[in-house]
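Work through the exercises below with the model open beside you. Try each task before you read its solution.

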Amino acid sequence: MKRIISGNESIALSFGDAGGVFASGYPGTPSTEVLEEMARLGAVYCEWAPNEKVGFESAMGASIAGGRALATMKHVGVNVAADALMSFSYTGVGAGFIVMVADDPGQHSSQNEQDSRNYAKFAKVPMLDPSDSQETYDFVRTGLELSEQFDTPVFLRMTTRTAHAKGYVEQREKITPKVGEWVKNVPKNVMLPNYGKIKHIQVEERLLKLKEYAETTPLNRVEMRGTEIGILTSGVAYQHVREAFPDASVLKLGLVHPLPEEMIREFAGKVQRFMIIEEMDAIFEEQIRAMGIRIDLGKGPISYCLEVDSEIIRKAAGEKETSAMAPVQNLPQRPPIFCPGCAHRGLFSILAKLKVFVSGDIGCYTLGALPPIGAMHTCICMGASISAAHGMAKVNAVAGRAEKPVAVLGDSTFFHSGMTGLLSLVYNNGNALVIVMDNRTTGMTGGQENPGSGQVLTGNPAKQVNIMELAKVMGVENVVEINSYDLVATEEAIKKGLETPGPYVLVDRNPCILRYRVKNPPLKVNSETCTGCRACLKAACVALGLRDCGDKPKVAIDPNICNGCGVCSQLCKFDAMSKG
């Protein structure tokens, strides 16, 4: 049976077909759809974890107990899960274990460009790098088999293009899930130093065996078409190479760690010009140069930043560019901004007015950093808002500065890694105002469930964790609920939090309007009362615009976009707005 599906959908389908038992992860573009599709298919137990480390460890436990397991995350999530990854490389698996990591070349939805091939080399585990949906489907099953054969976790590396592009996939026969024996094996699974030293030797021996395997596996293949140009590549870059040089010979790597040295040496010796095309870091090039193999074209003319495409490859190789259509110039810009009716708009309007320093976090509210709002001043990684604000406050105290920093984060981010920051703030007698925007979903990645939403991944009911009660249990004495749609009350609450020494927590409990399909009647503007002062435009809402009223442009509201939140009307000094 053939079907047209994305790479992420292929993973979900294949894991169920390959006898998968347990899957866990944390949503993050471009990896999110894997578990969503798995939940829709209903063949495998799957769940959202509070963060990637917990998801990895839960899948690790499932593997140890004898069930084939999958952990999903985006590239920055591996940073969170790395502690468990490094030791699990030593212990090895029970049943097959795959960690699916989705890299984001081009930073389509990420705070950095990070090449996860470095983690495979660092952790000394094999990594598979598919180039289309069919390979993705096939590599999941192969990865599980490889994991069991070599007693190792296996990386399945996706990128934004392979994760989201669709292609034909032909299913293979289904394997009935079989749960293996649950064994108490202390020397294997308890990483005390005396056992760890032995396991490290075994890891190095395993890597040597994997290098031998790399030389003969069909995961790596040579496509000889001539001897003038030979290109080594992998993943989605393979597709661009074939488009740029359809007549060139290609060494396509499906197993990108460890590398097949003899296969590479033999291939390079057959061609007049040996080229390496890879996105982001020079992982292949550095290792192949260390082998003493000549390279005629590597990363030199190809940037370490952003994605590659066929035109970039041809230009780097000194070839004429094709007649590809040039991009249209001078198109109007549409900067990202809060959705009409979003609760974040009211909060950031007040934060901008008060001109406070806002330590931000990862989520929809990060849009508060952009003009015209410009009310967020740091955004580094998940959960850093509170921890960073704590450090800022301590330095302010040393410097004699009275300003109290404000940390802003969402509910999913709070559960992910903000809780420990709050605990540190309390424990170390910190002085920061923490605002948790509790919209009861993981909004930035499309509205997934979290421990505060009251549902699990499959939609079944679950215990709903109360952030206000949790903050009190952690020792925060001042925990106050706010409604950011009420600008006056929100401003008063923020001012009180700033004036009160010590940890102070505000929780805004308003549902995500997209996730929960909140729709309010639109507002309208009284053109007689409106003076055209444009104060309402500080709300930065796409429903607001200007229309020609003769002497002076005045504000107009698009009723098809407006969600009636009322933030703009509260910014109006002339009471020119009302409900339609």
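The exercises go from domains to sheets, helices, cores and single residues.

**Ground rules**

This is a predicted model, in which local features need pLDDT of at least 70, side-chain atom pairs count only at pLDDT 80 or more, and totals for chains, interfaces and linings use all residues. Residues are numbered from 1 along each chain as its sequence is written, and side-chain values use heavy atoms, with hydrogens and water left out.

**Exercise 1. Domains**

Task: State how the protein is divided, then describe the contact between domain 3 and domain 4.

Solution.
- Step 1. Take the bounds from an automatic or database domain assignment. They give domain 1 (2-215), domain 2 (221-317), domain 3 (343-508) and domain 4 (523-579).
- Step 2. Find the spacing. The centres of domain 3 and domain 4, taken over C-alpha atoms, are 29 Å apart.
- Step 3. List the contributions. Domain 3 gives nine residues to the contact and domain 4 gives eight. Contact means heavy atoms within 4.5 Å.

**Exercise 2. A mixed sheet**

Task: Give the strand order of the sheet that holds β9, and explain why β9 and β13 are edge strands.

Solution.
- Step 1. Fix the terms. Strands (E, at least two residues) and helices (H or I, at least four) are DSSP runs, numbered from the N terminus. Two strands pair if DSSP finds at least two bridges between them.
- Step 2. Read the order. The open sheet runs β9-β11-β10-β13, with mixed pairing.
- Step 3. Check the edges. β9 (221-223) and β13 (273-276) each have a single partner strand, so one side of each lacks a neighbour in the sheet. From one strand to the next, the twist averages 15°.
- Step 4. Look inside. β10 (residues 229-234) and β11 (residues 249-253) are parallel and share five bridges. L232 faces L251 in β11.
- Step 5. Add a helix. α11 (residues 261-270) lies across β9, β10, β11 and β13, at about 170° to β11. Such angles run from 0 to 180 degrees between N-to-C directions, with axes fitted to C-alpha atoms, for helices over the stretch in contact.

**Exercise 3. An enclosed helix**

Task: Explain why α10 counts as largely enclosed, and name what its buried residues pack against.

Solution.
- Step 1. Count. Seven of the 10 residues of α10 (residues 235-244) are buried, so the rest of the structure largely encloses this helix. Buried means under 20% relative accessible area, exposed over 50%, and partly exposed in between (1.4 Å probe, protein chains only).
- Step 2. Name them. They are G235, V236, A237, Y238, H240, V241 and A244.
- Step 3. Find the partners. These residues pack against β7 (154-159), α7 (160-164), β9, β10, β11 and α13 (310-316).

**Exercise 4. A parallel sheet and its helices**

Task: Describe the five-stranded sheet, then the packing of α15 and α16.

Solution.
- Step 1. Read the order. The open sheet runs β14-β15-β16-β18-β17, with parallel pairing. β14 (358-359) and β17 (478-482) are the edge strands, each pairing on one side only.
- Step 2. Take one pair. β16 (residues 433-438) and β18 (residues 504-509) share six bridges in the parallel sense. V434 is opposite V505 in β18.
- Step 3. Place the helices. α15 touches β14, β15 (406-410) and β16, and makes about 175° with β15. α16 touches β15, β16 and β18, and makes about 145° with β15.
- Step 4. Compare the helix axes. Those of α15 (residues 384-399) and α16 (residues 411-427) come within 7 Å and cross at roughly 20°. The two helices are therefore roughly parallel, a term for angles under 35 degrees.

**Exercise 5. Cores**

Task: Which residues touch the most other members of the largest nonpolar core?

Solution.
- Step 1. Define the core: buried Ala, Val, Leu, Ile, Met, Phe, Trp, Tyr and Cys residues joined through side-chain atoms within 4.5 Å.
- Step 2. Name the residues. Of the 65 members, they are F348, L351, V408, L422, V434 and I435. Domain 3 and domain 4 each supply at least three residues to this core.
- Step 3. Note the other core. A second, separate one has 41 residues, including F56, A69, Y119 and I276.

**Exercise 6. Buried or partly exposed?**

Task: Classify T136 and G443 by accessibility.

Solution.
- Step 1. T136 lies in α6 (residues 133-150). Its relative accessible area is 0%, so T136 is buried.
- Step 2. G443 lies in the loop between β16 and α17 (467-473). At 24% relative accessibility, G443 is partly exposed.

Note on methods. Parallel < 35°, antiparallel > 145°, perpendicular 65-115°, else oblique.
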